Amino acid sequence: MRPVPEDWQRALTLVAHPDDLEYGASTAIAKWTAEGRTVVQVLATRGEAGIDGMDPAEAARIRTDEQVEAARAVGVDTVEFLGHPDGMLEYGLPLRRDIARAIRRHRPEVVITGNFRETWPGGEGFNMADHRVFGLAVLDAVRDAANRWVFRDLGLEPWQGVRFALVANSPQAAHYVDVTGHLAAGIASLRAHRAYFDGLGQDFDPDAFLTGICEQAGRDAGVPHAMPFELIEL
């Protein structure tokens, strides 16, 4: 495990749904914002298809509010939604254009996204389509945003300043962020998704979940608490 470089000031998170960041990445975000770095959150959807027993319009409203609360818990003030349909993200130029627009507007040095690999750490499960589609589109849109001859209709100057992408919850993680002292903020951000967890009807303990990840990664990294990431240079 190697440390993630932290000689930067601006990051942009790009994930598919409310709660995607809070299963790990937000704990690192809490550290970065506490150190004075700027982090902006952009989400593809409002998570309207995520609660089986709730009308999508109501779910979108509640999950939007929960994401804003989760962001506040880790020091993030700006949360934006691209308005794509939850559960039906499609890889293609419209999605890449919207992501490239966000990158050109916010001009980050680092982009953070969620796991787009087929499986989760340990080779478990099969990742859902929205995650796989969106993460791949994020990586491609970083290059789109840097090329002035791609998406010229956006009317925005190209941005070539993204140094690397960090992929949270990836089975190919080989880097880490020392999050010692920031676990409580990460847990608070995950706990903000109350309606979503209630809708799942499952026994889920945010404290135990995040503590387990941070302690295991910490042992691998030689620090009390760490958050693992896959680092992709672009």
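Visitor: How do you know that the span of helix H2 agrees with its 18 residues?

Guide: The model is a predicted one, and the check is simple. H2 covers residues 56–73. The expected span is 1.5 Å times one less than the number of residues, which for these 18 residues should give 26 Å. The end C-alpha atoms of H2 are 25 Å apart, so the two values agree.

Visitor: Which residues of H2 are buried, and what covers them?

Guide: The buried residues of H2 are Ala59, Ala60, Ile62, Arg63, Thr64, Glu66, Gln67, Ala70 and Ala71. Their cover includes strand E3 (38–43) and strand E4 (79–81), together with helix H5 (183–191) and helix H6.

Visitor: What is the place of Ala185, and why is Ala185 called buried, partly exposed or exposed?

Guide: Ala185 sits in helix H5. Its relative accessibility is 22%. Buried means under 20% and exposed means over 50%, so Ala185 counts as partly exposed.

Visitor: What is Ala185 in contact with, beyond its neighbours within four places in sequence?

Guide: With those neighbours left aside, Ala185 is in contact with Ala30, Ala73 and Val74. Its C-alpha is also 9.5 Å from that of Ala28, although 157 residues separate the two in sequence.

Visitor: Thr33 has 17% relative accessibility; what does it count as, and why?

Guide: Thr33 is found in helix H1, residues 25–34. Buried means under 20%, and with 17% Thr33 therefore counts as buried. Outside the four places on either side in sequence, Thr33 is in contact with Val39, Val74, Gly75 and Val76.

Visitor: Why is Ala16 called buried or exposed?

Guide: The relative accessible area of Ala16 is 2%, so Ala16 is buried. Ala16 lies in the loop between strand E2 and helix H1. Leaving aside neighbours within four places in sequence, its contacts are Ala44, Thr45, Leu89, Asp130, His131 and Phe134. For a distance along the chain and in space, take Ala16 and Asp77: they are 61 residues apart in sequence, and their C-alpha atoms are 19 Å apart.

Visitor: How do you know that the length of H4 is close to what is expected?

Guide: H4 has 18 residues, and 1.5 Å a residue leads to an expected 26 Å. From the first C-alpha of H4 to the last is 26 Å, close to that expectation.

Visitor: Where does H4 bend, and by how much?

Guide: The bend is at Asp140 and is about 25°.

Visitor: Which elements do the buried residues of H4 pack against?

Guide: They pack against strand E2 (10–15), helix H3 (93–106), strand E5, strand E6 (164–168) and strand E8. Among the buried residues of H4 are Asp130, His131, Phe134 and Asp144.

Visitor: What lies nearest the centre of the largest pocket, and how many residues line it?

Guide: The lining has 37 residues, and Tyr23, Trp120, His131, Asn169 and Phe209 lie nearest the centre. Strand E5 (110–114), helix H4 (129–146), helix H6 (194–200), helix H7 (206–221) and strand E8 (226–233) each give two or more residues to that lining. The largest share, four residues, comes from H4. The space in the largest pocket is about 850 Å³.

Visitor: How do the residues of that lining divide into nonpolar, polar and charged?

Guide: In the lining of the largest pocket, 18 residues are nonpolar, 12 are polar and seven are charged. Tyr, Trp and Phe count as nonpolar.

Visitor: What makes the phi of Asn169 worth a remark?

Guide: Most residues other than glycine have a negative phi. Asn169 is not a glycine, and its phi is positive, near 60°. Asn169 lies in the loop between E6 and strand E7 (175–178). Its relative accessible area is 19%, and buried means under 20%, so Asn169 is buried.

Visitor: Where does Arg107 lie, and what is its phi?

Guide: Arg107 lies in the loop between H3 and E5. Its phi is positive, about 50°, although Arg107 is not a glycine.

Visitor: Why is Arg107 called buried, partly exposed or exposed?

Guide: Its relative accessible area is 34%. Buried means under 20% and exposed means over 50%, so Arg107 is partly exposed.

Visitor: Which residues is Pro3 in contact with, leaving aside its neighbours within four places in sequence?

Guide: Pro3, placed in strand E1 (residues 2–3), is in contact with His175 and Tyr176. Between the C-alpha atoms of Pro3 and Ala146 there are 26 Å, with their positions 143 residues apart along the chain.

Technical notes: Residues are numbered from 1 along each chain as its sequence is written. This is a predicted model: local features need pLDDT of at least 70, side-chain atom pairs count only at pLDDT 80 or more; totals for chains, interfaces and linings use all residues. Side-chain values use heavy atoms; hydrogens and water are left out. On a 1 Å grid over the protein atoms alone, a cavity is a set of points where a 1.4 Å probe fits but cannot get out, and a pocket is an open set with protein on both sides within 12 Å along at least five of seven lines; lining residues have an atom within 4 Å of a point. Grid points are joined across faces, edges and corners, and a volume is the space filled by probe spheres set on the points. The bend at a residue is the angle between axes fitted to the seven residues ending there and the seven starting there. Buried means under 20% relative accessible area, exposed over 50%, partly exposed in between (1.4 Å probe, protein chains only). Contact means heavy atoms within 4.5 Å.
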